Amino acid sequence: MRRLVPLEPADAPGRSKELLNDILDRRGSVGDMVATMAHSPALLEGYLNFSRAMKRVKLPRALSEKVSLAVQEWIGCGTCMQAHVEAGRAAGLSEADIALARQGTSTDAREAALIAVAVR
C-alpha cells in the first residue's frame, strides 16, 4: 500500500506543477515515480537535475541506458521502463541487450559490473 500517491500537475504544489507540465509538454506523460516526487518540489527538481546531469556524463549513451533499464526494472515503473526501452533502442541496443540489462547484466564483463553496482 502506497503512503504517497502520484499527483496530477493541477494538484501539485508550486514549482512541481511547472516541472510536471514541462515534462508533459516534452514527453506526453509523466511516470508514477516522478509524479509521486511532485509532493516535494525540492525533491522533484533535484531528481530532474540529477537525471539531466547523468545524460551529460562520459558514459556512452547505450551503456547509460543499460544502467537505466536495470534500475527501472528494480523500481518497477512501467512508464519509465518503456521510455528507457525506447531510448535504448534509439541508442543502438538490441532486444537481447535490453533483456540482459533488465536482468541486471550484460555480455560485456565491465558493463555487467557497472550495472551490478547501480542496482546494488
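I began with Lys 66 in this predicted model, and I noted that Lys 66 counts as buried, since its relative accessibility is 7% and the cut-off for buried is under 20%.

I then looked for a charged partner and found that Lys 66 forms a salt bridge with Glu 111, with N and O 2.5 Å apart. Glu 111 belongs to helix 7 (residues 109–119) and Lys 66 to helix 4, so this pair ties together parts that lie 45 residues apart in sequence.

Next I followed helix 4 to its other salt bridge partner on my list, where the side chains of Glu 73 and Arg 102 meet at 2.7 Å, N to O. I recorded that this pair also links distant parts of the chain, with Glu 73 in helix 4 and Arg 102 in helix 6, 29 residues apart. Glu 73 is partly exposed at 35% relative accessibility, and Arg 102 is partly exposed with a relative accessible area of 35%.

I turned to the packing of these helices: the axes of helix 4 (residues 61–75) and helix 6 (residues 95–102) come within 7 Å and cross at roughly 45°, and the two helices are therefore oblique to each other. I entered the crossing as right-handed. On the helix 4 side I listed Lys 66, Leu 69, Ala 70 and Glu 73, which meet Asp 97, Ile 98, Ala 101 and Arg 102 of helix 6; by class, this contact has 4 nonpolar, no polar and 4 charged residues.

Last, I checked helix 1 (residues 14–27), where Arg 15 and Glu 18 lie 3 residues apart, about one turn of the helix. Their salt bridge has its closest N and O atoms 2.9 Å apart, and I noted a network of salt bridges linking Arg 15, Glu 18 and Glu 45.

Methods:
Residues are numbered from 1 along each chain as its sequence is written. This is a predicted model: local features need pLDDT of at least 70, side-chain atom pairs count only at pLDDT 80 or more; totals for chains, interfaces and linings use all residues. Side-chain values use heavy atoms; hydrogens and water are left out. Axes are lines fitted to C-alpha atoms, for helices over the stretch in contact, and angles run from 0 to 180 degrees between N-to-C directions. Helices (H or I, at least four residues) and strands (E, at least two) are DSSP runs, numbered from the N terminus. Angles under 35 degrees count as roughly parallel, over 145 as roughly antiparallel, 65 to 115 as roughly perpendicular and the rest as oblique. A crossing is left-handed if the near helix is turned anticlockwise from the far one by less than a right angle, and right-handed if clockwise. Contact means heavy atoms within 4.5 Å. Ala, Val, Leu, Ile, Met, Phe, Trp, Tyr, Cys and Pro count as nonpolar, Asp, Glu, Lys and Arg as charged, and the others, Gly among them, as polar. A salt bridge is a side-chain nitrogen of Lys or Arg within 4 Å of a carboxyl oxygen of Asp or Glu. Buried means under 20% relative accessible area, exposed over 50%, partly exposed in between (1.4 Å probe, protein chains only).
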